[in-house]
Amino acid sequence: MELRSDASKQYIAEALLQLMKTKPYPSITNKNITDRAGFSHITIYRHFKNKEDILSYYVNYCFAKWKQEWDDHQNIAFNLFSFFQKHKFLITALYQANQQYLLISHILSCCDYKEDDIAVLAYAKAAVAYFIFGWCDVWYQRV
């Protein structure tokens, strides 16, 4: 059942991204998404609260898949920059939907940020994460 559930989530996320190629994000309805994915309207509510939740799921999925390919011989900035290059369509979709903030939590995770870090360590990790996000953000906006 878990595999089927994961496949449903994947189809729903891909349907949303396909729709974002042709429609403005705010005008995409859950019905549009389920029609594109080939599911009943209720299916989306079994897995997601809203469209942002779908995008968050897909970002999580892409980061998890990408982390399997992580190159330990490269620095964190290079690895994240590679992610931005490889997933340019996703990044574009997030910017068009004004949801680019979804990337920050993953960049913080890559910097090994933890809620229980002592303050000075948390600040340092957050500074690095936001620096990297800013760098990737400027790169994205220039290409």
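Helices (H or I, at least four residues) and strands (E, at least two) are DSSP runs, numbered from the N terminus. With that in hand, the protein chain has eight helices and zero strands. Read along the sequence, the pattern is α-α-α-α-α-α-α-α.

This is a predicted model, in which local features need pLDDT of at least 70, side-chain atom pairs count only at pLDDT 80 or more, and totals for chains, interfaces and linings use all residues. Residues are numbered from 1 along each chain as its sequence is written, and side-chain values use heavy atoms, with hydrogens and water left out.

## The chain as a whole

Let us begin with confidence. The pLDDT is the predictor's confidence in each residue, from 0 to 100. The protein chain averages 87, and 96% of the residues score at least 70. Among the elements, helix H2 (residues 30–37) has the highest mean pLDDT, 94, while helix H5 (residues 76–86) has the lowest, 77.

Next come the dimensions. Taken along the principal axes, the C-alpha atoms fill a box of roughly 50 × 35 × 30 Å. The chain exposes about 8500 Å², and carbon and sulfur atoms supply 56% of that area. Accessible areas come from the Shrake-Rupley method with a 1.4 Å probe; for residues, only the protein chains shown count as cover.

A residue is called buried under 20% relative accessible area, exposed over 50%, and partly exposed in between (1.4 Å probe, protein chains only). Of the 143 residues in the protein chain, 44% are buried. Contact means heavy atoms within 4.5 Å. Among contacts between residues at least 6 apart in sequence, 60% join residues at least 24 apart.

## Helix H5 and its cover

Which residues of H5 are buried? They are Ala-77, Asn-79, Leu-80, Phe-81, Phe-83 and Phe-84. What covers these buried residues includes H4, H6, helix H7 (102–110) and helix H8 (119–142).

## The largest pocket

Rolling a probe the size of a water molecule over the atoms shows where empty space is left. On a 1 Å grid over the protein atoms alone, a cavity is a set of points where a 1.4 Å probe fits but cannot get out, and a pocket is an open set with protein on both sides within 12 Å along at least five of seven lines; lining residues have an atom within 4 Å of a point. Grid points are joined across faces, edges and corners, and a volume is the space filled by probe spheres set on the points.

About 180 Å³ of space lies in the largest pocket. It is lined by 14 residues, and the closest to its centre are Leu-17, Tyr-58, Cys-62, His-87 and Leu-90. Helix H1 (2–20), helix H4 (51–68) and helix H6 (88–96) each give two or more residues to this lining. The largest share, five residues, comes from H4. By class, the lining has seven nonpolar, two polar and five charged residues. Here Ala, Val, Leu, Ile, Met, Phe, Trp, Tyr, Cys and Pro count as nonpolar, Asp, Glu, Lys and Arg as charged, and the others, Gly among them, as polar.

## Three buried residues in helices

Tyr-58, met above at the pocket, lies in helix H4. Tyr-57 is found in helix H4 too, and Ala-129 is found in helix H8. The table gives their burial and one C-alpha to C-alpha distance for each.

| Residue | Relative accessible area | Partner and C-alpha distance |
|---|---|---|
| Tyr-57 | 18% | Tyr-95, 16 Å |
| Tyr-58 | 15% | Leu-16, 9.9 Å |
| Ala-129 | 1% | Ile-76, 9.5 Å |

Now for their contacts, leaving aside neighbours up to four places away in sequence. Tyr-57 touches Asp-6, Lys-9, Gln-10, Ala-13 and Phe-48. Tyr-58 touches Gln-10, Ala-13, Glu-14, Leu-17 and Leu-90. Ala-129 is in contact with Ile-107, Leu-108 and Cys-111.

## Two positive phi angles

Most residues other than glycine have a negative phi, and most peptide bonds are trans. Asn-98 is not a glycine, yet its phi is positive, about 55°. Asn-98 lies in the loop between H6 and H7. Is Asn-98 buried or exposed? At 55% relative accessibility, Asn-98 counts as exposed.

Asp-112, also a residue other than glycine, has a positive phi near 60°. Asp-112 sits in the loop between H7 and H8 and is partly exposed, with a relative accessible area of 41%.
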